[in-house]
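Reader: Could we go through this structure together? I would like to begin with the interface and then turn to the folds of the chains.

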Amino acid sequence: MDSGILDDLYRVVLDLNFEDAEDLAKKSIKEGIDPLQSAEALTKGIREIGEGFAKGDLFLPDLVLASKVLQIALPVIQAEIKRQGKKTHTRGKVVIGTVFGDIHSIGKQMVATLLFSSSYEVIDLGVNVKSSVFVEAVKKYNSDILAMSALLTTTAYEQKNIIKDLISKGMRDKVKIIVGGAPMNQEFADSIGADGYAPTAPLAVTLVNKLLGLD
Amino acid sequence: MRRGYIRNIEPLKILTDTQVEAIHRGTLDVLEETGVRFESQRALRMFKKNECIVDFENNRVRFPSYLVEECIRRTPSSFLVKARDLKNNLRFGGNTLYFMCSAGARISDPETGETRVATMKENNEAILISDALENLDYFPSYTPYFEVEGVEPVMLCPTSCAMRLRYSSKVSRGAQSADTYIWEIQMAQACGAQLLGNMEAASPLSYSEDAINAGFGYAEAFFPMYIAGGGVMGGTAPVTIAGATISNNAELLAAVVFFQLIKPGVGIIANDIEYPMNMRSGSPAFGSLGISLHEAAFNQIWTQFYRIPTNNCAAGFPNSKLFDLQSGYEKTHCAMTSAYSGANSILLHGGVSAELAYNPLMAILDDDLAAIIGRHIEGIVVDSESMAIELIKEVGPIPGTYLDKLLTKKHWKRENYVPNCADTLTYPEWITSGKKSAIDYARERMEEILATHEPTPLAAGQDKDIDRILKEARKYYKDKGML
């Protein structure tokens, strides 16, 4: 076994080298590397990028490109984990998306990347997500957290509708809900019945840890 | 060699070619008809030997136009100044822009704007901070403070020069008063460095004996020269910008002739420090519009027409007594005008309350301003990569994004600038992180610099040489009854 490949997987994230990400992931499988270790190497890389971003040493392009490396390499590794019948350990499941009527993705992507780098399983529903899709995803994945993003004052109230829908389906108490986005504040989050609000992406991770009693 | 910023734009032309010609002809006329007062028999004899018309009784020199134009031609369009650490050498001229530290008599309190005399420790820390600042390239004379606790006025210039040599390896400009050049030249040479020599006019149209002696001293030490006028428009210069430009030009071109007669080919940088008069107090109207208009005309004439490098001083001396909006706009309109009109050097860092005060926190904040201005004149790259036509097609409309593209990663910093000490947080972040201001960030940076920055050390023996020269200076001034 070439343990250098694990180092390469870790570095491909730090180098933001999405062009080599898939080949390297495939090479690790071909050479018999434990896919759990490969996943951990990738996670270690994205964790460092996330920490650098939280400290202000790194910037959005670093975070997003590192995330792109993961998006390319990880599915290859995860398929191998599944094939071998192994299981990955995560701190919890997070369903995340930008609400209906809103197509802004950057803030949501930052939070998703930082949560992933903190060992959460993240199900990213994308942007312009309808309430029914959020509700179905929470049910399907049995998620611990529902994270909703809205950048416009006009779409912020859509978050309230989603919470109402969860209540009407009797699912509100099964998931912790966090909200974020430029027009948000704690007062608004309280008014719509969310469990938490964070003003920045790094603080969103702190908030999730707190809500799940992990830190 | 310090890189500085490289101007990659056409410099601003605030004057038409016809106006430039008219101002130049007017200057020659003043130099030939009225002349300039030089309070030095040695200088007068030199001018007489070189076909100037000299009135020895009234210390007046009238300059033939051909000689003035010949001396302009002899002056190089760029020149080197050697620092005690080669990495800090400077080459003034061409399209290069450097930034010079400002100066002030006293230290200013950033909260109240009140001033007090700085201690030697504060003086030396301020030098150390300037040594660390990336966009601060060199120091003027008696910097950062004109007054330092426990230092007699006559010893201030040599002592200040000694401290700059000890706590920084960047270039310094020498001073001209009370024979300080004797000691400053020796100290610089002991450290293997040159100074930018200095000779400043007393407007209108005069040079004092102190200034001329310093000019001879620095030029004979083979140091390049910094020349300055300094009229107050409406007081010691005509109130009109065109008239003040001619009067200032006459003073500076007389200095160009002076130095080219002493050392043909010597490098010269011409400074602009011409202010409108504050018509209530009679003092210079620091930070005012007339200054930046004058600078624009000055730079066009000197850098574009005479091909002689320039420095501009106005940005370093805002009228505001505080770290406030007024200080910001006064500095910015002056410095930005200087940069766009072709200045090779801008005095900027640290000045508060006109020439009265200095503060290293302001120098740290000004370092970001210098970077922004420098970056501006480096212009915009337009090539196949930067036009990104294929990428625009690839990304297409929403939900396309450029954030995960290599072009973004590669160029976002080049195409913008991330300030070291500005509040760039979102409002919620600002609230949760203690509502910090730019001054708070500057204070953090100052503490970091003081804890970590080490200037290039002096070589063995150089420190002792400096002490010895300062002792000799002290004896010299004591013997003259000045101490």
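Author: What follows is a conversation about this predicted model, taking the interface, the sheets and some local details in turn.

Reader: How many residues of chain A and of chain B are in contact?

Author: On the side of chain A there are 16 residues in contact, and they meet 13 residues of chain B.

Reader: And what area is buried between chain A and chain B?

Author: It is about 1,300 Å², and carbon and sulfur atoms give 78% of that area. On the chain A side, the residues that lose the most area to chain B are A:Phe59, A:Pro61 and A:Leu65, which together account for 33% of what that side buries.

Reader: How many salt bridges are there between chain A and chain B?

Author: The count is two. In one of them, A:Lys68 is paired with B:Asp404, and the closest N and O atoms are 3.9 Å apart.

Reader: Which helices of chain A each supply at least two residues of the side that touches chain B?

Author: They are α2 (18-30) and α4 (60-83) of chain A. The largest share comes from α4(A), with six residues.

Reader: How do the residues of that side divide into nonpolar, polar and charged?

Author: On the side of chain A that touches chain B, 12 are nonpolar, one is polar and three are charged.

Reader: Let us leave the interface. What is the strand order of the five-stranded sheet in chain A?

Author: The order is β2-β1-β3-β4-β5 in an open sheet, and the pairing is parallel. At its edges are β2 (121-124) and β5 (196-197) of chain A, each of which pairs on one side only.

Reader: How many bridges are there between β1 and β2 of chain A?

Author: Strand β1 (residues 93-98) of chain A pairs with β2(A) over four bridges, in the parallel sense. Within this pairing, A:Val95 has A:Ile123 of β2(A) as its bridge partner.

Reader: Which strands does helix α7 of chain A lie across?

Author: Helix α7 (residues 153-168) of chain A lies across β3 (145-149) and β4 (176-180) of chain A, and it runs at about 155° to β3(A). Helix α9 (residues 201-211) of chain A also packs on the sheet, where it touches β3, β4 and β5 of chain A. The direction of α9 makes about 165° with that of β4(A).

Reader: Now chain B. What is the order of its open sheet of four strands?

Author: The order is β9-β8-β21-β20 in chain B, with mixed pairing. Each of β9 (115-116) and β20 (351-352) of chain B has a single partner strand, so one side of each is left without a neighbour in the sheet.

Reader: In which sense do β20 and β21 of chain B run?

Author: They run antiparallel, and two bridges join β20(B) to strand β21 (residues 357-358) of chain B. Here B:Gly351 stands opposite B:Tyr358 in β21(B).

Reader: Back to salt bridges: how many are there over all chains?

Author: The count comes to 35 over all chains. One within chain A joins the side chains of A:Glu22 and A:Lys26, at 3.1 Å from N to O. These residues are four apart in helix α2 of chain A, so about one helical turn separates A:Glu22 and A:Lys26.

Reader: Finally, is the peptide bond from B:Ser203 to B:Pro204 cis or trans?

Author: That bond is cis, with omega near -5°. B:Pro204 is in the loop between β12 (197-200) and β13 (206-207) of chain B. B:Leu205 lies in the loop between β12 and β13 of chain B, and its phi is near 55°, a positive value in a residue other than glycine.

Reader: And where is B:Pro144 found?

Author: B:Pro144 is in the loop between β10 (138-139) and α5 (153-167) of chain B. The peptide bond from B:Thr143 to B:Pro144 is cis, with omega near -5°.

Technical notes
Residues are numbered from 1 along each chain as its sequence is written. Chains are lettered from A and ligands numbered from 1 in the order in which they are written. This is a predicted model: local features need pLDDT of at least 70, side-chain atom pairs count only at pLDDT 80 or more; totals for chains, interfaces and linings use all residues. Side-chain values use heavy atoms; hydrogens and water are left out. Contact means heavy atoms within 4.5 Å. Buried area is the accessible area (1.4 Å probe) that two parts lose on being put together, summed over both. A salt bridge is a side-chain nitrogen of Lys or Arg within 4 Å of a carboxyl oxygen of Asp or Glu. Ala, Val, Leu, Ile, Met, Phe, Trp, Tyr, Cys and Pro count as nonpolar, Asp, Glu, Lys and Arg as charged, and the others, Gly among them, as polar. Two strands pair if DSSP finds at least two bridges between them. Axes are lines fitted to C-alpha atoms, for helices over the stretch in contact, and angles run from 0 to 180 degrees between N-to-C directions.
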